[in-house]
Amino acid sequence: MLFAGRDDGRPANLPPFCLFTGTEKLLIEEALAEMEETIPAELRDFNVEVLDGRQASAARVVEAARQMPVFASHRLVIVKDAPYFKGTLAAEEEKTLTAYFQNPAPDTVLIFVANEIDRRKALVKLLASRGEVREFKPLTGKELDRWVEKRAEKKGFSLTAGALRELILRVGSDLTALEAELEKLSLYVHPRTTADEDDVRAVVSRTLEGRIFDLIDAVAAGKTALALELLRDLLLTGEAPVKIHYMLARQVRILLKAVLLREKGLPENEIISALDMHPYAARKTVQQSRRFQRQQLLKAMLLLFRIDQAIKLGEGEPAWQLEKAVVRLSQL
Amino acid sequence: MAYTALYREWRPQNFASIVGQEHVTRTLINAIRTGRIAHAYIFCGPRGTGKTSTAKVMAKALNCQAPVDGVEPCNQCANCRSINEGLSYDVLEIDAASNRGIDEIRDLREKVKYAPADGRYKVYIIDEVHMLTTEAFNALLKTLEEPPPHVIFILATTEPQKVPVTILSRCQRFDFRRISLADIVSRLEEVVREKGIEAEPGVLAMIARRAEGGLRDALSLLDQCLAFCGNELKKEDVAAVLGIAGDESLLTFMKMLLAGDAPGALRWVDTIFAHGRDARQCLRDTIYFLRNLMLEKVGAADVEQPAAGEMEEEFARLAAEYSLERILSLLELLMRAEREIRQTDRPRLVFELAVIQACRGIKGQPGPQPRRPSEDEKCAGRGEKEGRRTAAGEKSSGEKVTRGREKAVPPRLWEQILAEVRKRDVPTYAFLVEGQMIEMDEERARIAFKASKSFHRQQLEDPRRRQLVEEVIAGLIGKRVRVEVCSFPEKGTAAEMVEKVKEVFGALVEEVND
């Protein structure tokens, strides 16, 4: 039968149109893949259409949506980088879309993907009331942990609690990056099926922030030689001295903030949230801050200020100025 | 047969011989074993740590017809051999530094489509990938987004932060580490043994240190040494080749500075000018020595070694003898002098002043001098710890008494003011400390700043800051005076220099001729 399944129409649990928004691209990709799975693999060629919103006009989108499915119960039209939901939109475009939202095709799921949207716009409100707006925000806290654990499981291994913490600390909450690092980690530990903290340290790339954090840790512990070694690593991988200097000053400033908040008598949890960083990183910073006195940090600020001056006045090699700064910081 | 450079001859041909990057090789081997090969890799790390070598080994492993143990390239089969000789159609090495434009990448994109000729995979190795232009990166990104299944990209870079995030996020990233001194030395030992070369003990470590964690550099240096020394590596010769034979006379100069031997050091300056040596270069070299002494002092000399043989011992001795503070402040002083010497048309004067400043207070200072601060820091004032700055302020305020028509400022008062201001507001202190109180009477206190510190002066013109200082003074002397901020009346440097010369030699100024 030529139009088999044609009369089923769109499954009841799917909206006629929806809008995926937010910055977490990987989650959006996953949701799109899930959507595609509602159509049997062999029929996707005919029933899934992907448009580039930067090029497709509203009329073109509606035209695609009005087409009928071939053999399948419904059709999927995905509009990536849809520009219609923020800023001003040509009246003609708006009219076309509004008309469609009021009277959508019965057997199409029209999905818009847009990084940013303006929820006050009439068009967005209409879409939300008749269809669905789904926001994909970066995961945080427990949600993030669970996501990582699930991903690792898929790859056939698991992480110890320490490894999980170290991984998120090093990579942050960017899921694409986490996915890549998990893949690498799983290969590194193979044929073992558990990864611990040391495994993470061995293969997972450290961010610049993280490397600066380690440097300050070495300074705090009075391990001057180690601190200089870490500085050398930064310089040899091409980090600009001025940037390293900036990052050092930034970390000192965050530490100072933590110390001042503690002096005010704030409990640890509040300090952690006041630092406005990822909880793991904030906790580490608060731990690090216990090793410093307020006076030391103020001196450190002043010292870094002078090093900054010296670098910019062109006094000797910037790298040597930084070495000197590290040695002086260790003496505070 | 043509001569092959050591680093090429000894380039690792399989995973097992890659030194010091176990975290990378192990992961790659497992990827091949389990068939989970990424479409794109990026190898980051300092130069000479094995990025390109690893990329080539990987390319061979992927295309080898009879891999040893399932993963290691055999280096015997036709594919391995053609890759080794750089003749393979499937493995393409591109140097992004010289092929950085969009045309090259477009060309690459065109050819990417074709299936591999002999092997299983087409491997593109793009070296120094951070050198690509933005357009080229964008073109590359398109390919990375949808790579044909038979293509694998291996990007290598020393500066990953210059690679766009969009590229990085498409690649499996590996960070290559600097190779440890011990690993380099043992590799060099291997080479030396194989070649039947005699090496004096310690020679290889000297070479290794200079290589800063890069094996290729180490091998190149060894090559150079062999070319110079023949089959016997002697410490002296190697030191000469490495350019660390060290200038005995510079070492002597540094020792005189550390010991505070002003007459000796000044005589030395005289000789270098008499011999027409570049004063600035001498200063730079001395700074380099001092910086290495600093590293030695804090136990980080492993990073680099300034000198060999006897000089090495000399450094250890000096590090033991002098305090870190002494070394650091001397270093700071000379670094500043090095800048000043660039900007002056009287390099000799600047040089000599620096020497004098460096030596002051080290010798012939009556009475107990627990720390030298006030001496070396009077001049090094900026860029120092607060404690010592106060001392500097005190001294200068005391000495300014004699200057011109200015009225006396009670000694120690300036120091007290600074200390008190610092307690109340550190930023204000930071600005104030660059100034000097040059005058004070019943109604007003004048604080002068050098012309170069006009920013600090402006900051103190802020009523709030000025008021704070007034309050502090009132608290100390029990009387409210008006604070006035001004610049030093004269052009600064010349008169200051006269002051400094006076401080050192205690001379009386008869007349100043400009």
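Mentor: A contact means heavy atoms within 4.5 Å of each other. This is a predicted model, in which local features need pLDDT of at least 70 and side-chain atom pairs count only at pLDDT 80 or more, while totals for chains, interfaces and linings use all residues, and side-chain values use heavy atoms, leaving out hydrogens and water. Residues are numbered from 1 along each chain as its sequence is written, with chains lettered from A and ligands numbered from 1 in the order in which they are written.

Trainee: Among contacts in chain A between residues at least 6 apart in sequence, what share joins residues at least 24 apart?

Mentor: In chain B, such pairs, 24 or more positions apart, account for 72% of the contacts with a separation of 6 or more. For chain A, the corresponding share is 74%.

Trainee: How many helices and strands are in chain B?

Mentor: Helices (DSSP H or I, at least four residues) and strands (E, at least two) are numbered from the N terminus. Chain A has 16 helices and seven strands. In chain B, the runs amount to 24 helices and ten strands.

Trainee: What percentage of the residues in chain B is buried?

Mentor: Buried means under 20% relative accessible area, exposed over 50% and partly exposed in between, with a 1.4 Å probe and protein chains only. Of the 332 residues in chain A, buried ones make up 50%. Of the 514 residues in chain B, the buried portion is 52%.

Trainee: Is A:Lys142 buried or exposed?

Mentor: A:Lys142 lies in helix α6 of chain A, which covers residues 141-154. Because its relative accessible area is 63%, A:Lys142 counts as exposed.
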